[in-house]
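User: Please take a close look at one part of this model, the place where the two chains meet, and set it in the context of the elements around it. A connected account would suit me better than a list.

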Amino acid sequence: MAETLLKVAGLHAGYGDVQVLWGVNLEVPRGEIVCLVGSNGAGKTTLMRAISGLIPARGGTVGFAGENLTNASPERALAAGIAHVPEGRRLFAAMSVRDNLLMGAYLRRDGAQAVAEDLERMFAMFPILRQRQGQDAGTMSGGEQQMCAIARGLMGRPRLLLIDELSLGLAPAIVDQLCDTLRALNREGLSILVVEQDVATALDLASHAFVMDTGRVTRSGSSAELRDDPAIREAYLGSI
Amino acid sequence: MLYLQILANGLVLGGLYSCIAAGFSLVWGVLNVINILHGSFIVLGGYLAFFGYVKLGIHPFASILIAAPLFFALGYALQRGLINRMIAAPVLLTLTLTFGLDLMLSNAMLAAFTADFRKLLLDPPLGILALGPVVLPVDRLVAMLLALALTGLLYLTLSRSRIGRAIVAVRMDREAAALMGVNVKNVYAITFGLGALMAGASGPLLAMIFPISPLTGPVYLGKAFVICVLGGLGSVPGAMIGGLALGVVESFGALWFGPEHATTLSFVLLIVILLVRPEGLLGRKGYS
């Protein structure tokens, strides 16, 4: 396996009196797509939020490309190369699509020219966003919003893209299109950690998978291994 | 032709009202803080212009250039040092905090300047401008144009600049903005600074028209409140439309019902808008 890009070790986190994560271990190798699956309330979103610095860790570590990002601010995590496409997309609804994408490039200091080039790249990748660039982001369809959210994340030039709930509420054709785009991005060297409730889609997209249950990683392995695991088939894929 | 004159008066007044409300609306919209200090900041800006002119001979319009950075720094420091500590508290608590700060500031001004009404009189006066049947004092006209220019500048800052986009982003979704790498606390302080700047800079403009006294602070605050509700919270165009609308309504109200009822009319308008269109005239989805 390739060198580890993201390494989460023994991570504890939660909200107020409620502890959600109980010693989570997870690794994303450089240049891979990794998926995180599990039932509702398993702690997938909490893990993503702890990695990107939205909530503090109560124990354990988050390491990224040799840097210790435990309890780093979202600003530092993004500067280090982690972009987080949050659950529910969280676009700036009354801001234009173009301005949403520019917000993604907020931390960049490599000049307007480079940002404009990346904007052009996003429009080439998702042509619908070019048509909609002057429109309020909140007025678009769910699929278009997800494209915008992913493009907004990419505008930060991340090395690792976290996507929380890629397919939720989207039409199957759109999900296929998004998966193709993510594969293409991955071939260009982007590492991706995706939370996905549709386990079949997730295992199809990723090379490696982690299964979470009640705040812990209970199973991990290559996607092929997990697809053939009777327990996984029973619990998530429907028995055939 | 009387109506034309009344309309012109209303628009001049309204231009100034826009400027008063824009900063107040910004702070309310972005920080969810109702800044009771806003009125006193305006008065303090007025005193700056008054004493700058009387003691140092600085033209009131020029004193805006001094007031702007001064009040920005004051607002920034106040937010960073004090208000940020309770920014997560319910809106009533931050309101109580700014209310307390306002008591301190307005009483300090009472102690320093007394409650006497002072009028800034330009010497020589700028004269009047006659546009056909409409007659306008030049100082008022210039004050209104500067007020609209300031408000326009704030709008451009918010819509075109990097920090402006960050402010709008924080207003719409604080957490998503943080994920973009925005330092939310810093944006809060800058926003509060901009609000204070708008108040402090509109002080000299209002001082060209109205007498200055610490007692007028709450009057300006009330206007800002009405305009925010009228135009829609947190958007600069909303403050501009709301301000102009209030100015015109007060002008015609003074004509039809007598000047003593102008304020009553503006609050009746407030209630009507709250009942009929609570999101304001320019309210927009995603800005709720």
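Analyst: The model is predicted, and what follows should be read with that in mind. Chain B holds 11 helices and two strands, and when followed from the N terminus its elements run α-α-α-α-β-β-α-α-α-α-α-α-α. Its C-alpha trace extends over about 55 × 45 × 35 Å along the principal axes. A compact globule of 288 residues would have a radius of gyration near 19 Å, and the 18 Å of chain B agrees with this. Half of the chain is enclosed in the sense that 50% of the 288 residues of chain B count as buried, and of the contacts in chain B between residues at least 6 apart in sequence, 79% join residues at least 24 apart.

Turning to the contact itself, 21 residues come from chain A and 18 residues from chain B. On the side of chain A that touches chain B, helix H2 (74–80) and helix H3 (97–104) of chain A each supply at least two residues, and the residues of that side comprise 13 nonpolar, four polar and four charged.

The nonpolar character can be followed further inward. The largest nonpolar core has 169 residues, among which A:Val194 and B:Ala169 touch the most other members, while helix H1 (residues 2–31) of chain B gives the most to this core, namely 15 residues. B:Ala169 also shows how the chains meet at a single residue: apart from its neighbours within four places in sequence, B:Ala169 is in contact with A:Phe92, A:Met95 and A:Met103 from chain A, and with B:Ala177, B:Met180 and B:Val182 from chain B.

Chain A also contains an open sheet, in which four strands are arranged in the order S2-S1-S4-S5 with antiparallel pairing. Strand S2 (18–29) and strand S5 (67–68) of chain A lie at the edges with a single partner strand each, so one side of each has no neighbour in the sheet. At the S5(A) edge, strand S4 (residues 59–64) of chain A pairs with S5(A) in the antiparallel sense over two bridges, and A:Phe64 stands opposite A:Glu67 in S5(A). Helix H1 (residues 44–51) of chain A packs on this sheet, where it touches strand S1 (4–15), S2 and S4 of chain A, and its direction makes about 70 degrees with that of S2(A).

How values were computed:
Residues are numbered from 1 along each chain as its sequence is written. Chains are lettered from A and ligands numbered from 1 in the order in which they are written. This is a predicted model: local features need pLDDT of at least 70, side-chain atom pairs count only at pLDDT 80 or more; totals for chains, interfaces and linings use all residues. Two residues are in contact if their C-beta atoms, placed from the backbone, lie within 7 Å. Ala, Val, Leu, Ile, Met, Phe, Trp, Tyr, Cys and Pro count as nonpolar, Asp, Glu, Lys and Arg as charged, and the others, Gly among them, as polar. The radius of gyration is taken over C-alpha atoms; the globule rule is 2.2 Å times the number of residues to the power 0.38. A residue is buried if 20 or more other C-beta atoms lie within 10 Å of its own, exposed if 12 or fewer, and partly exposed in between; C-beta atoms are placed from the backbone. A nonpolar core is a set of buried Ala, Val, Leu, Ile, Met, Phe, Trp, Tyr and Cys residues joined through C-beta atoms within 7 Å. Two strands pair if DSSP finds at least two bridges between them. Axes are lines fitted to C-alpha atoms, for helices over the stretch in contact, and angles run from 0 to 180 degrees between N-to-C directions.
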